[in-house]
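User: Got a minute to go through this one with me? Start with the ground rules, please.
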Amino acid sequence: MEILTQSLGAVFGFIDGILRGFTDLFLIKPLPANLNYLEDADLKSLDGEERTFKAKALWQESGAVIMAEASELSSLKPQLDQLGVPLYAVVKEDIGTEVRDFRPYFAGEIFLDIKKRFYGPRERKMGLSAFIRLGVWRSGLRAFRNGFMGNVRGEGFVLGAVYVLGAGEQGIVMEHREMEFGDKVNILEVLRAVRRLPVELVEK
């Protein structure tokens, strides 16, 4: 039975590799963001206050970890709090109950990215090719089991990102771009990036 399981795993892995290679041909390659591009983003609060501000305010004093749709980072919040670095989420739209449904899975503040800067500079969509990628199906099943479904309405096919930003003009310390839905950032790499921030920042 163990040999059969290993053989099936190898076959599915081979098929997954072929499908990934094929669908990658249709996936727009990401362009790296720069600090000027991100700090000019217009963010809108979603907690009832209806305030709009420039994204730079989020990391100006203490740096920040900002995620565009990657709820797994919530597990890092206690460690980030210890280091004095806040965790935020930005979303590209607020349709129906989507943000409200997302809140139980994310421990930080959530803002609407009006210009979708954190999804650029070149916005990328997975498109229908997502449905023939095994990794997407695995991620979707995992999200379903956890009770979070997301959406495919509006801009639901847009791929997200994660950023670690230093305070002031220190810039982008780390940038992770989704290559498919559910392409999770390595949370240990995020933590290492935060720890690379200046000592005076994380100890203040």
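Analyst: Sure. Accessible areas come from the Shrake-Rupley method with a 1.4 Å probe, and for residues only the protein chains shown count as cover. This is a predicted model, where local features need pLDDT of at least 70 and side-chain atom pairs pLDDT 80 or more, while totals for chains, interfaces and linings use all residues. Residues are numbered from 1 along each chain as its sequence is written, and side-chain values use heavy atoms, without hydrogens and water.

User: OK, how much area does the chain expose?
Analyst: About 11,100 Å², with 58% of it supplied by carbon and sulfur atoms.

User: And what's the sheet order?
Analyst: It's an open sheet of 7 strands, ordered 2-1-5-4-3-6-7 with mixed pairing. Strands are DSSP runs of E, at least two residues, numbered from the N terminus, and two of them pair if DSSP finds at least two bridges between them.

User: Which strands are at the edges?
Analyst: Strand 2 (52–54) and strand 7 (172–177), each pairing on one side only.

User: How do strands 6 and 7 pair?
Analyst: Antiparallel, over 5 bridges; strand 6 covers residues 161–165. A161 has R177 in strand 7 as its bridge partner.

User: Switching topic: is S74 buried or exposed?
Analyst: S74 counts as buried because its relative accessibility is 16%; the cut-offs are under 20% for buried, over 50% for exposed and partly exposed in between (1.4 Å probe, protein chains only).

User: Where is S74, and what does it touch?
Analyst: S74 sits in the loop between strand 3 (64–68) and helix 4 (77–83); helices are DSSP runs of H or I, at least four residues. Leaving aside neighbours within four places in sequence, S74 is in contact (heavy atoms within 4.5 Å) with L87, Y105, F106 and A107.
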